[in-house]
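This report walks through one protein model, from its overall make-up to its sheets, cores and one pocket. Please keep the structure in view while reading.

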Amino acid sequence: MATKKQIILPIAVISIGIGSFLAISALKKPPEEKEAIDNTPLVAVKQVKLEPMTFKVSSYGVVNAKYETELVSQVNGEIVFLSDTFVRGGFVKKGDILARIDSSDYDADLIDAEANLASARATLVQERAFGKVAEEEWKRIKDGVPTELSLRKPQLAQELAKLNSSEAGLKRAKRNVERTIIKAPYDALIESRNIGLGSYVSMGTKLGKVLSTHKAEIRLPLADKEIQYLVNKGKDADVTLVADLGGSKQEWAGKIVRSEGVIDSRSRMTYLVAEVIDPYGLQSDKSELRYGTYVTANIAGTDAGDVVVMPRHLVINGQIAILDDDKKLRYKDVNVIRQSGAEVVISDGLTQNMEVIISALDYPVEGMKLALPEDKLLQQNSEGEESDTQLAMEEKE
């Protein structure tokens, strides 16, 4: 039989174990409840700002003179004078003398022509007198009938012809003398000079080239789809020309004066021609627009009304995603009236201050709940304040 000690000892050990377990269990904290995770997608938005817009069509081109003239010798001779302004880059006025060709031979021809004319006139006067004498003599003859030859009419006609020929010869001689003086045909810039003092030139020799300074022209290529944004296909439209000169951007005002009326066979572009008055600023204090300058052009177009400009990638199948007042995703049909580079111009479908979603969504579904970053921040701040309040209350207790 078991002794009393053998029975009490196991019971005591079990009792102590149970008591220890209960004591340790009482010391453990209950498991904390996990906070609910907010899986609402975050999005970035851009507020719609409807603003009036006038379309502009961009192009480019090179500045050229409206008129270019090759100066060519019309007579033969030696260059005996050159103007100081007849140099490359020189400015000249209309009628300025640029060069002179030796006129000695042509002055002599002019004297001969004047002498021939004087002789022809004298001979004509004499022949008219002979004709009057013949006519008076035939009046005294009653039975005879005078002929034109007897009245010296053919001789008179011949002398009249000689007089006309002499007058033509005089005009030719005067014109040749005038052609020995090379003058500027208009206000011009000298592009080149091909002769020197003492050079001998013959008829057809190129003396130089001048460019008019009154007006400059720029050919501006445009695609057909861009012409629809211009009033009256761009005719008489204002143009702003921009170029980088001397490290600074400069602008000039111009106007579209005409269309070339054909589509270029290689580029498939239509060319409009812009005109700038006084490109070199000779009659005003504006900066010079030198020939050969590459410029970009902005042509004023039609009035688009109140529109909004958005990135092109936001418009998918004619719709754009917005965030409504309930923070839900909605799709709006929009009317895109122009696409330019990475942007589109929208005329209908969006209203003022509407919030357009500009960030990407992995699985967008219309009507899904969305959140803004600032909403999350406000929520976190609110939860933080509640946590701090609760902690303070626990510490106080």
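Two strands count as paired if DSSP finds at least two bridges between them. The strands themselves are DSSP runs of at least two residues, numbered from the N terminus. With that in hand, take one bridge in this predicted model: Lys 215 has Ile 277 as its partner in β14.

**Overall make-up**

The protein chain has five helices and 20 strands. It holds 397 residues, and 30% of them count as buried. Long-range contacts are well represented. Among contacts in the protein chain with a separation of 6 or more, 74% join residues 24 or more positions apart.

**Strand β14 and its partners**

Strand β14 covers residues 270–277. Is it enclosed or open to the outside? Seven of its eight residues are buried, so the rest of the structure largely encloses β14.

β14 pairs with β11 (residues 215–222) through eight bridges, and the two run antiparallel. β14 also pairs with β13 (residues 248–263), again in the antiparallel sense, over five bridges. Here Ile 263 stands opposite Thr 270 of β14. The hairpin of β13 and β14 has six residues between the strands. Within that hairpin, Arg 268 takes a positive phi near 60°.

β11 has a further link. It pairs with β2 in the antiparallel sense over three bridges, where Asn 64 has Glu 217 as its bridge partner in β11. β2 in turn is joined to β15 by 11 bridges, and these strands also run antiparallel. Val 62 stands opposite Tyr 294 in β15.

The pairings described here, with their bridge counts, are set out below.

| Strand pair | Sense | Bridges |
|---|---|---|
| β2 and β15 | antiparallel | 11 bridges |
| β11 and β14 | antiparallel | eight bridges |
| β13 and β14 | antiparallel | five bridges |
| β2 and β11 | antiparallel | three bridges |
| β6 and β7 | antiparallel | three bridges |

**The nonpolar cores**

In soluble globular proteins, nonpolar side chains tend to be buried together. The largest nonpolar core of this model has 32 residues. Leu 220, Val 239, Leu 241, Ile 256, Tyr 291 and Ile 299 have the most contacts inside it. β2 (51–65), β11, β12 (238–245), β13, β14 and β15 (294–311) each supply at least two residues of this core. Which strand gives the most to this core? β15 does, with five residues.

Leu 241 shows the surroundings of one core member. Beyond residues up to four places away in sequence, Leu 241 touches Ile 218, Gln 250, Glu 251, Trp 252, Val 276, Leu 289, Val 295, Thr 296 and Ala 297. Apart from the largest core lies another, of 28 residues. Ile 79, Leu 98, Leu 124 and Ala 188 are among them.

**An open sheet of four strands**

Four strands form an open sheet in the order β7-β6-β4-β9, with antiparallel pairing. β7 (181–183) and β9 (200–201) stand at the edges. Each has a single partner strand, so one side of each is left without a neighbour in the sheet. β7 pairs with β6 (residues 97–101) over three bridges. One of the matched pairs is Ile 97 with Lys 183 of β7.

Lys 94 is found in the loop between β5 (91–92) and β6. Lys 94 is exposed, with a relative accessible area of 62%. Its C-alpha atom is separated from that of Lys 183 by 7.6 Å, although the two lie 89 residues apart along the chain. Leaving aside neighbours within four places in sequence, Lys 94 is in contact with Ala 184, Pro 185, Tyr 186 and Asp 187.

**A buried glutamate**

Glu 159 lies in helix α3 (residues 153–179). What is its relative accessibility? Glu 159 has 9%, which counts as buried. The cut-off is under 20% relative accessible area. Outside its neighbours within four places in sequence, Glu 159 is in contact with Thr 123, Leu 124 and Glu 127.

**The second largest pocket**

The second largest pocket has a volume of about 300 Å³. Its lining comprises 14 residues. Leu 314, Ile 316, Ala 321, Tyr 331 and Ser 359 lie nearest the centre of the pocket. By class, the lining has 11 nonpolar, three polar and no charged residues.

β16 (319–323) and β17 (329–333) each supply at least two residues of the lining. The largest share, three residues, comes from β16.

Conventions. Residues are numbered from 1 along each chain as its sequence is written. This is a predicted model: local features need pLDDT of at least 70, side-chain atom pairs count only at pLDDT 80 or more; totals for chains, interfaces and linings use all residues. Side-chain values use heavy atoms; hydrogens and water are left out. On a 1 Å grid over the protein atoms alone, a cavity is a set of points where a 1.4 Å probe fits but cannot get out, and a pocket is an open set with protein on both sides within 12 Å along at least five of seven lines; lining residues have an atom within 4 Å of a point. Grid points are joined across faces, edges and corners, and a volume is the space filled by probe spheres set on the points. Ala, Val, Leu, Ile, Met, Phe, Trp, Tyr, Cys and Pro count as nonpolar, Asp, Glu, Lys and Arg as charged, and the others, Gly among them, as polar. Buried means under 20% relative accessible area, exposed over 50%, partly exposed in between (1.4 Å probe, protein chains only). A nonpolar core is a set of buried Ala, Val, Leu, Ile, Met, Phe, Trp, Tyr and Cys residues joined through side-chain atoms within 4.5 Å. Contact means heavy atoms within 4.5 Å.
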